[in-house]
Amino acid sequence: MRQLTLYFREYCSLCHDMLAQLQPLQQQHGFALDVVDVDADPLLEEKYNELVPVLMEGTTEICHWHLDLPRLLARLAAQPGEIG
């Protein structure tokens, strides 16, 4: 199962929008989604501060601020390791 991470802020409307868009896709495409609050970790807050929400697969950024649906679907369609 693919593992995606959403770097998120509780008070961020863009974060909540992206999470809401990801939930039906998660059911359709069968990926795991880890939602991480950047404000709970000073290192993550420093790294992602103004970029949240940030959607990642491993160390690869898929998108930030707004869901890039074509890019996400391309990543999900590719075999792990095909897209860098």
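## One side of helix 3

Let's start with helix 3 in this predicted model. Its buried residues are L72, R75 and L76. They all sit on the same side of helix 3, because the arc they cover around the axis is only 95°. The spacing of such residues has a general background: an α-helix has 3.6 residues a turn, so residues three or four places apart point the same way. Turn to the other side of helix 3 and you find P70 and A77, which are exposed.

What covers those buried residues? The cover includes strand 1, helix 1, strand 3 and strand 4. R75 is worth a second look: this helix 3 residue has a relative accessibility of 7%, so it counts as buried, the cut-off being under 20%. If you want a sense of distance, try R75 and Q26, which are 49 residues apart along the chain and have their C-alpha atoms 13 Å apart.

## The sheet

Now for the strands. Four of them make an open sheet with mixed pairing, in the order 2-1-3-4. Strand 2 and strand 4 are the edge strands, each pairing on one side only. Going from one strand to the next, the twist averages 25°.

Two helices can be placed against these strands. Helix 1 lies across strand 1, strand 2, strand 3 and strand 4, and it runs at about 160° to strand 1. Helix 3 packs on the sheet as well, touching strand 1, strand 3 and strand 4, and its direction makes about 150° with that of strand 4.

## Strand 3 and its partners

Strand 3 has partners to follow in both strand 1 and strand 4. It runs antiparallel to strand 1, with three bridges joining the two, and it also runs antiparallel to strand 4, this time with four bridges. M56 is a handy residue to follow here: it stands opposite T5, and its bridge partner in strand 4 is E61. V54, for its part, stands opposite H64 in strand 4.

Which way do the strand 3 residues point? V54 and M56 point one way, L55 and E57 point the other way, and all of them are buried. Strand 3 and strand 4 together form a hairpin with two residues between them. In the turn, G58 has a positive phi of about 65°.

## The nonpolar core

In soluble globular proteins, nonpolar side chains tend to be buried together. Here, the largest nonpolar core has 25 residues, and L22, L55 and L72 are those with the most contacts inside it. Who contributes? Strand 1, helix 1, strand 2, helix 2, strand 3, strand 4 and helix 3 each give two or more residues. Helix 1 gives the most, with five.

L55 shows what being in the core looks like for a single residue. Leaving aside neighbours within four places in sequence, L55 is in contact with a long list of residues, among them L4, L6, M18, L22, L33, I62, L67 and L72. That list also includes T5, T60 and E61. Notice that L22 and L72, the other two residues named for having the most core contacts, are both in contact with L55.

## A pair of stacked rings

How many aromatic pairs does a search of the whole structure find? The search turns up one. Its members are Y7 and Y48, and they are stacked, with 4.3 Å from centre to centre and 15° between the planes. Since Y7 lies in strand 1 and Y48 in helix 2, the pair ties together parts that are 41 residues apart in sequence.

Are these two tyrosines buried or exposed? Y7 has 14% relative accessibility and counts as buried. Y48 counts as buried too, at 6%.

## Two spots in the backbone

Finally, here are a couple of details in the loops. In the loop between helix 2 and strand 3 you will find P53. The peptide bond leading into it from V52 is cis, with omega near 0°.

The other spot is W65, in the loop between strand 4 and helix 3. W65 is not a glycine, and yet it has a positive phi of about 70°. Is W65 buried, exposed or partly exposed? With a relative accessible area of 40%, W65 is partly exposed.

Definitions and conventions
Residues are numbered from 1 along each chain as its sequence is written. This is a predicted model: local features need pLDDT of at least 70, side-chain atom pairs count only at pLDDT 80 or more; totals for chains, interfaces and linings use all residues. Side-chain values use heavy atoms; hydrogens and water are left out. A nonpolar core is a set of buried Ala, Val, Leu, Ile, Met, Phe, Trp, Tyr and Cys residues joined through side-chain atoms within 4.5 Å. Buried means under 20% relative accessible area, exposed over 50%, partly exposed in between (1.4 Å probe, protein chains only). Contact means heavy atoms within 4.5 Å. Two strands pair if DSSP finds at least two bridges between them. Axes are lines fitted to C-alpha atoms, for helices over the stretch in contact, and angles run from 0 to 180 degrees between N-to-C directions. Rings of Phe, Tyr and Trp (its six-membered ring) pair if their centres lie within 6.5 Å; planes under 30 degrees apart count as stacked, over 60 as edge-to-face and the rest as tilted. The arc is that of the directions from the helix axis to the C-beta atoms.
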